[in-house]
Amino acid sequence: MASELDQLAQALARLPGLGPRSARRAVLYLVKKREAAMEPLLAALQAVADKLVTCSTCGNVDTVDPCQLCQDPRRDARLLCVVEEVADLWALDRSRLFPGRYHVLGGRLSALEGIRPEDLGIDTLIGRVAAGGIDEVVLATNATLEGQTTAHYLAERLEKFPVRLTQLAHGLPVGGELDYLDEGTLAQALRARRPVS
């Protein structure tokens, strides 16, 4: 394989869900379908690379700031769903069951990894809630030890505000991550959310 094609296969193999064999198959497909697949892919990648920004309001990634979700007037600004990562936001939003807005923390608290509250978008979240206009904050952290620790910390920080604190219902698999759950499981978890105790 030519060095450039090998480099492309190696780059694709670093993507989640693609191993070396799948990456080579993808390269062969792109080579065979150069005009129909490779050139549109290159154009799309370049457009995103040129315009990609992190939303200054919620932490989502988009090509505009504030992002399209924050700009959407149909979304209920009184409901705010807090997630660990952008992938979690996208997973929840795909379900089309949450009518509110989102806040991406950019990770979760982890003493082992040295991730502290100041390393996450927690102060920005507190600022959004302190500004008023939010009636409910849904803590949609992952059902991992770190995710639950993060939710508990957020609940303590938010308890002084006049907002209803809820979290996704139990029943999400322990150790599960939102990005890997099917839409039915996410839908049930959103419908059965409960107050944080």
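Good morning. I shall begin in the interior of this protein, where the largest nonpolar core holds 23 residues, and Cys81 and Leu92 touch the most other members. Five elements each supply at least two residues of this core: helix H4 (68–71), strand S3 (76–83), helix H5 (86–95), strand S4 (100–104) and helix H8 (183–191). The largest share, four residues, comes from H5. Apart from this core lies another one, of 19 residues, with Val82, Leu105, Leu120 and Phe161 among them. Please keep in mind throughout that we are looking at a predicted model.

Let us turn to cysteine 81. Which residues does cysteine 81 contact, once its neighbours within four places in sequence are left aside? They are Leu92, Phe98, Arg101, Tyr102, His103, Val138 and Ala140.

Two residues in that list deserve a further word. Phenylalanine 98 and tyrosine 102 form an aromatic pair, with 5.4 Å from centre to centre and 55 degrees between the planes. How is such a pair classed? Edge-to-face would require planes over 60 degrees apart and stacked would require under 30, so this pair, at 55 degrees, counts as tilted. The count of aromatic pairs in the model comes to one. Phenylalanine 98 and tyrosine 102 are both buried.

Next, helix H5. Why may we describe H5 as largely enclosed by the rest of the structure? Seven of its ten residues are buried, and therefore the description holds. The buried residues are Val86, Asp88, Leu89, Ala91, Leu92, Asp93 and Ser95. You will notice that this list includes Asp88, Asp93 and Ser95 alongside Leu89 and Leu92. The cover over these buried residues includes strand S2 (61–62), together with H4, S3, S4 and H8. Just after H5, arginine 96 takes a positive phi of about 60 degrees.

Finally, I step back to the whole protein. Its secondary structure comes to eight helices and seven strands. Taken along the principal axes, the C-alpha atoms fill a box of roughly 60 × 35 × 35 Å. Of the 197 residues, 40% count as buried. Among contacts with a separation of 6 or more, 54% are between residues 24 or more positions apart.

As for the surface, the protein exposes about 11600 Å², of which carbon and sulfur atoms supply 55%. The protein has 23 positive and 26 negative charges, and the mean positions of these two groups are 5 Å apart.

Thank you for your attention.

Terms used:
Residues numbered from 1 in each chain as written. Predicted model: local features only at pLDDT ≥ 70, side-chain atom pairs only at ≥ 80, totals over all residues. Heavy atoms only, no water. Buried < 20%, exposed > 50% of the residue type's maximum accessible area, 1.4 Å probe, protein only. Contact = heavy atoms within 4.5 Å. Areas by Shrake-Rupley, 256 points an atom, 1.4 Å probe, with all protein chains shown as cover. Lys, Arg positive; Asp, Glu negative; His and termini not counted. Charge placed at Lys NZ, Arg CZ, Asp CG, Glu CD. Core = buried A, V, L, I, M, F, W, Y, C linked by side-chain atoms within 4.5 Å. Phe/Tyr/Trp six-rings, centres within 6.5 Å; stacked < 30°, edge-to-face > 60°.
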